[in-house]
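User: Could you take a close look at the backbone of this protein for me? I would like to see where its unusual peptide bonds and phi angles sit.

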Amino acid sequence: MEKIIDELDLEACAREPIRVPGAVQPHGALLVVDERDLRLLQHSTNAGDLLGIELRVGVALGDALGASLPKELDAWRGRDEPLFLRTVRVGERLLQLSAHRSRQGLQLEFEAAPSDERETLEAVYPRLRAFVDAIGRAGSVQDIAELAVREIQTLTGFNRIMLYSFDAEGDGTVLAEASDGILPSYLDLRFPASDIPAQARELYKSSRLRLIPNARYEPATISPAESPVDGKPLDLSHAALRSVSPIHLEYMRNMGTAASMSISILIDDELWGLISCHNAEPKLVNAQIRSACDFLGQIVSLQIGARQRADRAVRRIHLKHIEGELLAQMSQSADFHAGVSAHQQTWQRLVAADGVAVVSADGITALGLTPSKPELLELAKWLHATDPSELYATDQLSLHWPQGAAFANVASGLLSISVSQLNPSYIMWFRQEVERTVKWGGDPRKGPVTDRLHPRKSFDTWKQLVRMRSIPWTEVEIEAARDVRHSMINFVLRRAEERAALSEKLQRSNAELEAFSYSVSHDLRAPFRHIVGYADLLSHRETGLDEKSRHYLDSIVDSAVHAGRLVDDLLAFSQMGRTTLNPVRVDMQKLVNEVRRSRDPDLQGRAITWQVGELPPAYGDPSLLRQVWANLIDNAMKYSATRNPAEIRIEGAPVEGGARYSVSDNGVGFEMAYVGKLFGVFQRLHRTEEYQGTGIGLALVKRIVERHGGTVWAQGDVDKGATVGFELRDSRKEGADGRP
């Protein structure tokens with residue numbers, strides 16, 4: 001929800017001196033005395049009237065109030081207790097005294113003593129004991145809240161008691177309410193965070209209880225205004241009588257509340273919520289009942305904290321079980337994406353997600369309700385650029401990334417973990433949008449535009465339709481995602497180590513195979529040359545051989561020559577893995593023309609129509625690219641030998657990041673069903689008797705092109721011709737990720 005709060009109001013609120021208001025509420029009186037000798041340092045201007053004595057700064061406390069009080073204070077100071085609470089007699093008056101230490105002296109607060117024995121701490125003790133027993137049996141936070149508001153109303157008699165909790169944004173929601181019907185009900189309503197400024201929240205943490213018996217009181221000022229100890233205004237942070245902000249008093253009056261009391265609910269030293277008491281008429285609650293309420297508030301805090309910790313522990317154990325199940329499943333998976341795809345439900349159950357996706361250099365896997373793959377890629381790039389931390393969680397993605405509004409219906413909530421610090425690789429969980437109506441105690445968007453801070457005037461129920469938000473991720477779910485990240489990092493590292501070991505093994509095997517192939521090919525060349533030479537000598541020496549014998553000798557020569565060519569091709573193929581590339585700018589037009597001219601002696605008696613288009617230059621190794629063109633042109637000439645005329649077309653065109661080339665013919669073609677075999681070693685789609693060849697030419701083309709970072713392709717139609725082509729990338733234009 002967008003809250004429109006006037007900047008001037010926020011600045012004024014931040015400047016509000018709530019800890020040093022310079023005054024106290026007039027239902028009691030304040031004395032500040034030196035802790036060492038109990039001399040009077042400061043007092044509220046109403047102290048003399050309330051105590052019935054004349055006060056002068058510097059006078060000893062015993063001289064002003066009698067000798068008994070200093071002795072009791074001395075005994076309290078010796079016990080080092082944080083709070084002193086006694087019923088004392090000053091002259092003829094019976095007063096309730098509470099005292100606490102501050103860096104500016106002991107602060108003594110006097111109020112009228114309880115008028116009824118039923119209002120003493122001793123009288124309410126049985127009720128507190130019964131409450132402790134009852135709250136210990138409460139089954140949920142809601143049960144605890146309902147018990148608390150009923151007990152506080154019984155103890156204090158306020159018209160309306162509310163217990164509300166704060167969410168992550170500081171908005172408060174009323175969980176339980178006890179009311180006598182005099183004031184309107186606020187049950188289930190939400191109050192904006194701006195109702196309680198940040199500094200007030202901090203004060204609620206250090207001062208757990210605050211009473212305002214009359215919203216129309218006139219404050220009693222502190223005299224002198226500055227402390228003699230440090231020359232600064234008196235800090236009343238822990239004083240029960242501390243005067244409150246005029247803005248808050250106006251807020252109370254606008255709410256129709258004449259008296260209020262608030263009790264802080266602190267969990268792990270953070271303000272979890274408040275018990276707020278309201279009355280239509282002024283109402284004074286004595287210090288002993290307030291102490292009982294403070295004690296009750298601490299019990300409620302402990303019980304809610306314990307209940308939440310127990311619930312988190314149960315949930316954490318459950319998610320740990322799912323995490324263990326997930327890791328066991330992943331350990332059996334061939335790779336990360338396959339593991340997620342095979343166990344989608346487990347991944348979603350881990351954090352109660354509607355969809356899960358993996359984005360990595362190996363691709364994108366999206367399961368369940370997720371954005372599209374292009375949207376996932378953009379989201380991963382945004383996360384990597386703007387929030388490179390290991391974990392990111394939000395229930396309102398579109399608020400932080402406006403592009404997320406396009407798919408908010410399926411992915412308003414995002415919980416992601418990074419599995420790489422170098423690349424945008426993430427596991428992402430998504431929760432779909434949950435439209436809901438929130439009831440506010442007044443329109444939270446309305447703010448005043450004046451030069452003075454004013455609280456809002458309307459508390460009528462205001463309904464708001466909340467969109468583009470999901471159910472929030474819980475602390476336990478976020479912890480589970482973080483734990484899984486650590487496990488997945490180990491999984492990825494283990495897989496990387498396995499791949500590295502396998503890669504090293506494959507490299508050794510390839511080196512051994514290449515060395516073996518080179519050795520065999522090299523050693524076979526001489527025997528084949530000898531076979532051809534001796535067969536030729538035999539045919540010239542023996543003049544009386546019949547035709548059949550000469551046919552046998554010719555077959556021996558042809559087979560040996562073919563085997564020699566095969567050995568040469570194998571030798572070239574094996575050497576390709578060890579050949580160092582020397583890339584330069586290559587004039588492909590010139591290179592093709594040179595290859596064509598070198599084939600002219602073999603074209604005697606053949607009619608070939610050549611069509612050579614404009615060929616863009618390339619960046620590569622000239623000698624290896626010459627081999628590519630030679631093999632492709634030889635193939636086109638060979639498989640179009642039965643055509644008259646044969647048509648061979650050579651084309652090229654620039655593409656993004658490189659260039660694309662092809663050689664086409666009108667020859668015998670091939671069936672596209674077998675195109676996958678075309679570039680394999682010894683893979684032939686036509687009989688050797690019809691078309692001579694070793695079956696290595698196109699495999700060598702593929703290997704050369706791939707060493708240049710390119711790709712090969714082919715298209716054919718039986719008896720209509722074929723086109724074989726390749727695409728090269730200009731490595732000078734490529735980025736760090738290998739893409740142009």
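Analyst: Here is a walk through the backbone, starting with how the model was made. This is a predicted model, in which local features need pLDDT of at least 70, side-chain atom pairs count only at pLDDT 80 or more, and totals for chains, interfaces and linings use all residues. Residues are numbered from 1 along each chain as its sequence is written, and side-chain values use heavy atoms, with hydrogens and water left out.

The mean pLDDT (the predictor's confidence in each residue, from 0 to 100) is 80, and 78% of the residues reach 70 or more.

Now to the peptide bonds. The bond from Ser223 to Pro224 is cis, with omega near -15°. Pro224 belongs to the loop between strand 11 (220-223) and helix 8 (246-255); helices (H or I, at least four residues) and strands (E, at least two) are DSSP runs, numbered from the N terminus. A cis bond also joins Asn644 to Pro645, with omega near 5°. You will find Pro645 in the loop between helix 17 (622-639) and strand 24 (646-655).

Next come the phi angles. Leu38 is not a glycine, yet its phi is positive, about 60°. Leu38 sits in the loop between strand 2 (28-33) and strand 3 (40-44), and is buried, with a relative accessible area of 6%. Asp719, not a glycine either, has a positive phi of about 65°. Its place is the loop between strand 26 (711-717) and strand 27 (721-729), where Asp719 is exposed, with a relative accessible area of 53%. Here, buried means under 20% relative accessible area and exposed over 50%, with partly exposed in between (1.4 Å probe, protein chains only).
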